[in-house]
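Please work through the exercises below with the sequence and the model side by side. Each task is followed by a solution that goes step by step.

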Amino acid sequence: MTLERLNEIKKLLNEYNYQYYVLDNPTVSDQEYDRLMQELQSIEAKHPEWITADSPSQRVGGEVLDGFQKVTHQRMMLSLGNIFNEDELREFDDRIREVYPQVEYVCELKIDGLAVSLVYAQGQLSYGATRGDGTVGEDITHNVKTIKSIPLSIDYQGDFEVRGEIYMPKKSFEQLNQQRKEAGEPLFANPRNAAAGSVRQLDSRIAAKRGLDAFLYMVPTASEVGCQTHKEALDYIKQLGFKTNPMTRVCANIQEVWQFIMEMTEKRQSLPYEIDGIVIKVNRLDWQERLGYTAKVPKWAIAYKFPAEEVITKLKDIVFTI
Ligand SMILES: NC(=O)c1cc2c(=O)c3cc(F)ccc3oc2nc1N
């Protein structure tokens with residue numbers, strides 16, 4: 001019966017997507033994947049009433065919108081306060097330790113992309129939205145669906161939101177600018193602009209070809225699903241099938257945080273995606289709540305920003321001339 005075959009193929013392709021795009025560890029050849037996708041699309045062409053929102057065929061894009069809908073975030077999407085050196089990091093730590101003398105942090109790479117909120121209902125992706133002004137963002141669901149590491153359905157039946165960063169890997173960025181150069185089109189200045197320009201495309205077929213990816217890093221209702229710490233929240237969404245960043249590290253104190261920052265400053269150039277800093281978060285979720293927010297930023301997290309590249313080259317020059 002072709003409906004059984006259809007469901008069997010969907011299960012296979014979703015599994016292959018997960019292995020290839022989330023685990024970065026494909027187990028089948030591209031040919032085998034394409035053959036199955038063609039079989040899926042031919043069955044769906046014959047039986048459009050069998051097409052579901054989470055079918056792998058929905059990833060290739062095809063919707064062309066005439067404008068973006070607005071979405072109001074159930075919880076504000078704030079940005080992070082910035083610090084730029086070790087002294088400011090210690091000041092951040094001092095402020096936290098006034099309330100909690102012993103505090104464990106989680107350090108994450110600060111992916112240089114654009115923030116996204118993914119909302120699921122009854123296990124299906126309901127919508128994806130940009131941060132916008134923190135309260136109202138743009139509905140970019142049609143383009144989010146083309147990002148193959150973002151699951152179209154999850155094994156969680158209640159309402160569920162997860163937030164992260166959509167980014168363009170360096171390789172995709174170089175390929176895209178090479179194509180644009182050959183086509184005589186203006187180049188993107190950096191992967192962040194290219195990612196932002198791609199998710200703002202009204203035609204999802206264009207976004208589908210941009211090689212976008214995403215890391216998820218925040219679960220607003222983590223404590224409601226039984227997580228005590230931010231690290232547990234990250235592990236929770238990972239087991240739901242979301243892509244989380246493998247470099248994340250729990251640090252027992254601010255010395256270990258600074259050690260991580262030094263290590264990542266070295267490793268930064270070799271990463272397959274751009275980062276513009278390190279995000280440091282208090283690990284315990286109840287302490288995050290207690291520490292709270294200012295009008296614009298959380299008090300329990302901070303972004304250490306790397307010095308801009310040109311500054312580094314200038315400093316080298318100065319040292320050289322002296
Ligand atoms: N770019 C990032 O890789 C990244 C960004 C944020 C945020 O913007 C952010 C904003 C908040 F209000 C709270 C936590 C956050 O955590 C974050 N964690 C990250 N890893």
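The exercises treat two sheets, the ligand site and one loop residue.

The model is predicted, and local features need pLDDT of at least 70, side-chain atom pairs count only at pLDDT 80 or more, while totals for chains, interfaces and linings use all residues. Residues are numbered from 1 along each chain as its sequence is written, and side-chain values use heavy atoms, with hydrogens and water left out.

**Exercise 1.** Determine the strand order of the open sheet of four strands, and then describe its edges and its pairing.

*Solution.* Begin with the terms: helices (H or I, at least four residues) and strands (E, at least two) are DSSP runs numbered from the N terminus, and two strands pair if DSSP finds at least two bridges between them.
Step 1: the order of the four strands is 5-4-7-8, and their pairing is antiparallel.
Step 2: strand 5 (124-130) and strand 8 (213-218) form the edges, each pairing on one side only.
Step 3: neighbouring strands of this sheet are turned against each other by 35° on average, direction ignored, where axes are lines fitted to C-alpha atoms, for helices over the stretch in contact, and angles run from 0 to 180 degrees between N-to-C directions.
Step 4: six bridges join strand 4 (residues 114-121) to strand 5 in the antiparallel sense, and valine 119 has tyrosine 127 in strand 5 as its bridge partner.

**Exercise 2.** Trace the open sheet of five strands, and find which helices pack on it.

*Solution.* Step 1: this sheet has mixed pairing and the order 2-11-10-3-9.
Step 2: its edge strands, each pairing on one side only, are strand 2 (82-83) and strand 9 (249-251).
Step 3: strand 2 pairs with strand 11 (residues 301-305) in the parallel sense over two bridges, with asparagine 82 opposite alanine 303 in strand 11.
Step 4: helix 8 packs on the sheet, touching strand 3, strand 9 and strand 10, and its direction makes about 55° with that of strand 3; contact here means heavy atoms within 4.5 Å.
Step 5: helix 9 (residues 254-267) also packs on the sheet, where it touches strand 3, strand 9, strand 10 and strand 11, at about 25° to the direction of strand 3.
Step 6: returning to the sheet of Exercise 1, helix 8 (residues 230-239) lies across strand 7 (160-167) and strand 8, and runs at about 140° to strand 8.

**Exercise 3.** Describe what surrounds the ligand, and which polar atoms approach it.

*Solution.* Step 1: the shell has 15 residues, and the closest are Glu108, Leu109, Ile111, Glu165 and Lys281, a residue being near if one of its heavy atoms lies within 4 Å.
Step 2: a side-chain N or O atom of glutamate 108 is 2.9 Å from a nitrogen atom of the ligand.
Step 3: polar backbone atoms also approach ligand oxygen atoms, that of leucine 109 at 3.3 Å and that of isoleucine 111 at 2.8 Å.
Step 4: of the 420 Å² of accessible area that the ligand has on its own, the protein covers 94% (Shrake-Rupley method, 1.4 Å probe).
Step 5: strand 3 (105-111), strand 8 and strand 10 (275-282) each give two or more residues to the shell, and strand 3 has the largest share, four residues.

**Exercise 4.** Place threonine 27 in the model and identify its contacts.

*Solution.* Step 1: threonine 27 is in the loop between helix 1 (2-22) and helix 2 (30-46).
Step 2: not counting residues up to four places away in sequence, threonine 27 touches Tyr16 and Gln19.
Step 3: the C-alpha atoms of threonine 27 and valine 282 are 37 Å apart, at a separation of 255 residues along the chain.

Notes:
Polar contact = N/O pair within 3.5 Å; in protein donor to acceptor, adjacent residues only side chain to side chain.
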